[in-house]
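Here are a few exercises to help you find your way around a structure that is new to you. Try each task yourself before you read its solution.

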Amino acid sequence: MSATIPDAPAGTTSRIWRGVIEEYRGRMPVTEATPVVTLREGGTPLIHSEVLSELTGCEVHLKFDGSNPTGSFKDRGMTMAISKAKEAGAEAVICASTGNTSASAAAYAAKASMTAGVIVPKGKIAMGKLAQALVHGAKVIQVEGNFDQALTICRELADQYPVELVNSVNPYRIDGQRSAAFEVVDQLGRAPDVHVMPVGNAGNITAYWSGYQEYHRDGLADSLPVMRGYQAAGSAPIVQGAVVDKPQTIATAIRIGNPASWDRAVAAARDSGGSIRAVTDRQILSAFRRVARAGVFAEMASAASVAGLLELHEAGELEPGQTVVCVLTGHGLKDPEWAISGAAEPMTIPADVRVAAEALELI
Ligand code: F0G
């Protein structure tokens, strides 16, 4: 399916990033027979945050997975899920989504010339994400219900009809998403002391913990991080220890009341000496603005990790000098509404240099 991708262009020493399956082929469940469906996902930046480091006394790095091809970490798992579906001869895939999974499934299915069906909660997904699913030609169904209900429908569809489920209950999704932990260790040269991330359906925390454990077992990392997962307060079933029937939060990507990988998220927190906690929408919004003012435009759900970092700091649960990674799971451009709503209206001026200079307070 894919043409062979060279390591480096002729005449240069710069490497070409080949996507997570080729970069970590030995760790992915693929064979020579697997058609690799890739948009060159992964290889995302680990950005040192001066502002958050100064504030917390730690060395804080942001793993910006919003810079994946479809703007979220979902591409890491989708390259695996779609490649394996293609290998198995599937012609159609299906997923439930709060938006990012559907955008990714639509793009990778299109790349593989497969059909994607996506079921999303009506009126509860960001406009940019809906646009992505539509533009890539997915069959988009809005359900009068929430994500959890949409996932139940998709599971039944995959049981009863010839269609492959590509939600993170598909183990190949988790296999691909482990690559993010490999990258963090490769980029830092070690495992972080503390790893902070948002939790929704809980696939990603499962994948990160599995990836860190694998590198540790293989001697590529000397230590394991403490895993700190954050749900939104209105959608925090794991924190409350009970399914939330009507989850609410402005961070629509993690508006989930019954996470599929609940037990594995709890295990990751417990086995790493960490926790799963909740942050309020107010804390999430404040963290979102803080990160944006420092140059990184992440989506609201992603900011739950930074809100969590700030809470850990305020509670005195971080030690000075610790290396901390906060995962920013998706790009802010998917949902510009929130960014605009908090900002001042741009000034309008006549086309005149002097007026422009005055408006910019240059004179
Ligand atoms: N951050 C973003 C931006 C997400 O889109 C999601 C999940 C998460 C965090 C949580 O990750 O579910 O693995 O715990 N979005 C899914 C979707 C549910 O349908 O796009 P998780």
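**Exercise 1.** In this predicted model, find the volume of the second largest cavity and name the residues that line it.

*Solution.* Start with the volume, which is about 40 Å³. Next, look at the lining: it is made by Lys129, Ile250, Ala251, Thr252, Ala253, Glu299, Met300, Ala301 and Asp335. Finally, sort these residues by class, which gives 5 nonpolar, 1 polar and 3 charged.

**Exercise 2.** Work out which residues and elements surround the largest cavity.

*Solution.* First, place this cavity among the others: the whole structure has 4 cavities of 30 Å³ or more, and the largest has a volume of about 340 Å³. Its lining holds 26 residues, and Phe73, Lys74, Gly200, Asn201 and Ala253 are the closest to its centre. Then turn to the elements: helix H4 (100–111), helix H7 (171–177) and helix H9 (203–217) each give two or more residues to the lining. H9 gives the most, with 3 residues. By class, the lining divides into 11 nonpolar, 12 polar and 3 charged residues.

**Exercise 3.** Decide whether each partner in the salt bridge between Glu214 and Arg178 is buried or exposed.

*Solution.* Begin with the contact itself: the two side chains meet with N to O at 2.5 Å. Glu214 sits in helix H9 and Arg178 in the loop between H7 and helix H8 (179–188), so this pair links distant parts of the chain, 36 residues apart. Now apply the cut-off for buried, under 20% relative accessible area. Glu214 has 10%, so Glu214 is buried. Arg178 has 6%, so Arg178 is buried too.

**Exercise 4.** Carry out the same check for the salt bridge between Arg270 and Asp271.

*Solution.* Here the closest N and O atoms are 3.0 Å apart. Arg270 has a relative accessible area of 58% and is exposed. Asp271, at 47%, is partly exposed.

**Exercise 5.** Explain why the salt bridge between Asp65 and Arg76 ties together separate parts of the chain.

*Solution.* The side chains of Asp65 and Arg76 meet at 2.7 Å, N to O. Asp65 lies in the loop between strand S2 (59–64) and helix H3 (74–87), while Arg76 belongs to helix H3, so the pair ties together parts that are 11 residues apart in sequence. As a last step, check their surroundings: both Asp65 and Arg76 are buried.

Methods. Residues are numbered from 1 along each chain as its sequence is written. This is a predicted model: local features need pLDDT of at least 70, side-chain atom pairs count only at pLDDT 80 or more; totals for chains, interfaces and linings use all residues. Side-chain values use heavy atoms; hydrogens and water are left out. On a 1 Å grid over the protein atoms alone, a cavity is a set of points where a 1.4 Å probe fits but cannot get out, and a pocket is an open set with protein on both sides within 12 Å along at least five of seven lines; lining residues have an atom within 4 Å of a point. Grid points are joined across faces, edges and corners, and a volume is the space filled by probe spheres set on the points. Helices (H or I, at least four residues) and strands (E, at least two) are DSSP runs, numbered from the N terminus. Ala, Val, Leu, Ile, Met, Phe, Trp, Tyr, Cys and Pro count as nonpolar, Asp, Glu, Lys and Arg as charged, and the others, Gly among them, as polar. A salt bridge is a side-chain nitrogen of Lys or Arg within 4 Å of a carboxyl oxygen of Asp or Glu. Buried means under 20% relative accessible area, exposed over 50%, partly exposed in between (1.4 Å probe, protein chains only).
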